[in-house]
Structures are given as C-alpha cells and as structure tokens.
Amino acid sequence: MARYQQQMNIALERLDQGLARVHSMIKRGKNTEAIHFMENDLKELYEDLQNIINIEPGGEGTQSRVGFLGGR
C-alpha cells in the first residue's frame, strides 16, 4: 500500500507542476502554447494519475477499491 501511495503522490505532484506551468503561460499571454500544453502534456499527466487511482491496491477480493477520478 505504501508504494501505491507513493506513486499517487508523485502523479499528483507532476499534475500540480503541470497546472502551475499552464498558469504561468497564461499569465505571460502565451495562450496558444498553454492550450497546446493542456491538450497534450497536461492531459497525459491527468491520465497517469487517473490510471493509478483506478488501480485496486491489495488485489481482487479486498474492500480497498478506490473510486474513479473522472469519466471519459
């Protein structure tokens, strides 16, 4: 379970850094670059986090199922 938590924390930190990057681009008026980043890199960071959240820590038959972050 500790490894699962570590992977989730790393993915959350990467997503947070990606969001900060988008914020910085928008503040500097680089909206086209921000949109490109959101549609590619940020989307990938979100999907990485979503994949980790969708994993069942502990395997089948346990009650440790984690819910979905969001639908596609």
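This section describes the fold, helices and nonpolar core of a predicted model.

The protein chain has 72 residues, and 24% of them are buried. Its secondary structure amounts to 2 helices and 0 strands. The accessible surface of the chain is about 5,500 Å². Carbon and sulfur atoms account for 52% of that surface. Contacts between residues at least 6 apart in sequence were also examined; 45% of these join residues at least 24 apart.

Helix α1 covers residues 2-27. Its 26 residues should span 38 Å at 1.5 Å a residue, and the end C-alpha atoms lie 37 Å apart, so the two values agree. Seen along the sequence, the buried residues of α1 are Y4, M8, A11, L15, G18, V22 and M25. An α-helix has 3.6 residues a turn, so residues three or four places apart point the same way. The cover over the buried residues of α1 includes α2. Just after α1, G29 adopts a positive phi of about 80°.

Helix α2 covers residues 31-53. A bend of about 45° occurs in α2 at M38. The buried residues of α2 are A34, F37, L42, L45, E47, L49, Q50, I52 and I53. E47 and Q50 are thus listed as buried along with residues such as L42 and L49. The cover here includes α1. Each helix therefore contributes to covering the buried residues of the other: α2 does so for α1, and α1 does so for α2.The largest nonpolar core contains 13 residues. Within this core, M8, L15, V22, F37, L42, L49 and I52 touch the most other members. Both α1 and α2 supply at least two residues each. The largest share, 7 residues, comes from α2. M8, one of the buried residues of α1, illustrates the pairing of the helices. Leaving aside neighbours within four places in sequence, M8 is in contact with L49, I52 and I53. L49, I52 and I53 are among the buried residues of α2.

D16 also belongs to α1. Its relative accessible area is 47%, under the 50% needed to count as exposed and over the 20% limit for buried, so D16 is classed as partly exposed. D16 and L45 are 29 residues apart along the chain, and their C-alpha atoms are separated by 9.3 Å. L45 is one of the buried residues of α2.

Methods:
Residues are numbered from 1 along each chain as its sequence is written. This is a predicted model: local features need pLDDT of at least 70, side-chain atom pairs count only at pLDDT 80 or more; totals for chains, interfaces and linings use all residues. Side-chain values use heavy atoms; hydrogens and water are left out. A nonpolar core is a set of buried Ala, Val, Leu, Ile, Met, Phe, Trp, Tyr and Cys residues joined through side-chain atoms within 4.5 Å. Buried means under 20% relative accessible area, exposed over 50%, partly exposed in between (1.4 Å probe, protein chains only). Helices (H or I, at least four residues) and strands (E, at least two) are DSSP runs, numbered from the N terminus. Contact means heavy atoms within 4.5 Å. The expected span of a helix is 1.5 Å times one less than its number of residues. Accessible areas come from the Shrake-Rupley method with a 1.4 Å probe; for residues, only the protein chains shown count as cover. The bend at a residue is the angle between axes fitted to the seven residues ending there and the seven starting there.
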